[in-house]
Amino acid sequence: MPPSFNMNNLPFGLLNEKEQALLSQSLEIAYYQKDEVIMQAGSVPKGVYVVLKGKVSESEVHDDNSRQKHVFVHYADEDYFGGWSALKGKAIHNFIADEETICHIIPTKVVLELVDGNSQFGDYFRQNLAAKTEIVEQHGPTQDMAEFMLAQVGEGVMSAPLIVEESTSIKEATVRMRDSKVDSVLVKKGNRYGMVTGTDILNAVVMNETSIHAPVAEIASYRLISVHPDDYLFNALIIMTQQQIERVVVMRENELVGIVDLTDVLSFFSSHSHVIGLRIERARTLEELHTAAKGLNDLIKSLVSQGVKARFAMDLVSAMNSRIMEKLFDIMVPNDMQPHVCLIVMGSEGRGEQIMKTDQDNAIIYRDGLVWAEMQEVMNRFSEELMGFGYPPCPGNIMVSNPEWVNSLSSWTQKLSLWSSSWVEQDQMNLAIAVDAKPVAGNPALFKAARIWFFKSLKNNDMFYSNFAKVALEFNTPLTFFGNLKERGQLDIKKGGIFPIVHGVRTMALEHKIVVTNTFQRIEALVDAGAMQDKHAKDLAEALGLFIQLRLRQQIKRAEEQELGVDLTPNTLDLQSMNKMERDLLRDAFHIVKGFKKHLELHYHLGSR
């Protein structure tokens, strides 16, 4: 093996010792002058080329005489090219040395042998961004945690439930719980199951003076939250956090197969998320809530450092943020006013895609005719308290301390109507933020009424969708003319990658009346609706996940370097701090964004931009 060949780079790091020895014995080296053709379209390739030094362009020649060409991408140090050509047995494009270049060559025969003998090595050559990312995760520094995070409910954590008939007395159920050393029992009543916990029995007998001989079915709760045995265990933790419960039942179709208790989940995970959740729930004052919320940033750092995927982290942190805001709302808004107002969060928080606290995007919808003289004063204090909890003010002042975002139901629907019929950029951005809203406190019926009205107002309005989708094309995809990433410096990942996917998917979701707001869930719903192909959907989701993950790592690093612990440039990616594999994946993801924008142009008849 020539010392200049880096065997640690993927995909060569996927090979075992025997396979690496085969590659070593067959590796060739070649030198090419500037403008020399390394591989010509249609020719039989010698193999896969790995650039040691220099630069190679992959192009399609339109005119053999003029040599006019369209360059797809450039390859530089340690990049490999010709994989597809080797697999197909014929070069699909021209590969030309742009400057003096030295390449290692892995002969085609050896490449095919390695591809046939090593499935992951073969997949890396053949597959899309999603497969490449999965392989990188499996063989990266977070391998153990990645496998850990994919643990399913049915893998050793689920336990057999204690089930009693509805005629069983409270006393008998308590004895059986003690003998089985469990803190809950399921009561079978016809085709339904209800749950009774030790706390339920204590409240019934001590507080309500219910007879211990009464049927236990009388104190059971029949509104059970269930998960499937194939669901991720981490999702079960998120559900418990969202629903503020300590156990879920496990159902396969309509069959009860087990129960998962919070203590079992916490013994499996090292996260302290539920401890934070319990502190939030127990808070009775602003000071107690403030203390409880302090642990959220540490939780985020812990999840990321342990290799938790951004999407898992987003779901959990979103649930935590919602509970903090709901608790703050409960403390600050009088009980008699809460049924008449609804607090909504919008933008990335509404989509459940904000991990690090970037800014506040919230609003109030209140019942028409409500008389509450202190409402705006309370909302002003609410925004101030959120700032104290680490939620920065919105640069665009989109928060409840701004009266423009405190509206009656009729005023809110009027604004939605105005924004949807306007071509003004700010109105379009306001609408984009608003349609990602979700209710977090107060009366959610007010929000749902506005959403139903808005969906009806857009019926058969093709002009709206075309105008709305156009915003996704406003920012350039950060690829060079030759399909490469910028070679150095910084880029705005929100403008270049995240926003086009989020807004394009948002537009398609509105068109198909999809009510979920999370972009990943919207993509899945679009597939279910037949509006997006499964492969396209997986690529988009993987690209978005990559953008968010790379941004989050750099956000945490920059925040730790700041005295106040706040990242001042949350959407900036520093390319120089990224390794080659990250840059390669980023480049692939931007090509997916570019293709998606072209799809939006065609679907909404936006013309070439």
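Two strands count as paired if DSSP finds at least two bridges between them. That definition sets up the first part of this report on a predicted model.

**The sheet E12-E13-E14**

Three strands form an open sheet, in the order E12-E13-E14. The pairing is mixed. Strand E12 (226–227) and strand E14 (255–261) are the edge strands, each pairing on one side only. Strands of a sheet pair through backbone hydrogen bonds, either parallel or antiparallel. Strand E13 covers residues 247–252. E13 and E14 run in the antiparallel sense, and six bridges link them. One bridge can be picked out by its residues: Met251 has Leu256, in E14, as its bridge partner.

**Salt bridges**

Side chains of opposite charge can pair when their charged atoms come close. Searching the whole structure gives 16 salt bridges. Three of the pairs are set out here, among the 16 found.

| Pair | Closest N to O distance |
|---|---|
| Lys34 and Asp35 | 3.7 Å |
| Arg247 and Asp261 | 3.3 Å |
| Arg522 and Asp436 | 2.8 Å |

Take Lys34 and Asp35, which form a salt bridge. Lys34 has a relative accessible area of 52% and is exposed. Asp35 is partly exposed, at 47% relative accessibility. The cut-off explains the two labels: exposed means over 50%, so 52% passes and 47% does not.

Arg247 and Asp261 also form a salt bridge. Arg247 belongs to strand E13 and Asp261 to strand E14, so their contact ties together parts that are 14 residues apart in sequence. Both residues are buried.

The side chains of Arg522 and Asp436 meet in a salt bridge as well. Arg522 sits in helix H22 (residues 519–528). Asp436 is in the loop between helix H18 (425–434) and strand E18 (438–442). The pair therefore ties together parts that are 86 residues apart in sequence. Arg522 and Asp436 are buried. The pair belongs to one network, in which salt bridges with shared partners join Arg351, Glu353, Asp436, Arg506 and Arg522.

**Helix H9**

Which residues of helix H9 are buried? In this helix, residues 233–243, they are Leu233, Phe234, Ala236, Leu237, Ile238, Met240 and Thr241. An α-helix has 3.6 residues a turn, so residues three or four places apart point the same way. After H9 comes Gln244. The phi angle of Gln244 is positive, near 60°.

Technical notes. Residues are numbered from 1 along each chain as its sequence is written. This is a predicted model: local features need pLDDT of at least 70, side-chain atom pairs count only at pLDDT 80 or more; totals for chains, interfaces and linings use all residues. Side-chain values use heavy atoms; hydrogens and water are left out. Helices (H or I, at least four residues) and strands (E, at least two) are DSSP runs, numbered from the N terminus. A salt bridge is a side-chain nitrogen of Lys or Arg within 4 Å of a carboxyl oxygen of Asp or Glu. Buried means under 20% relative accessible area, exposed over 50%, partly exposed in between (1.4 Å probe, protein chains only).
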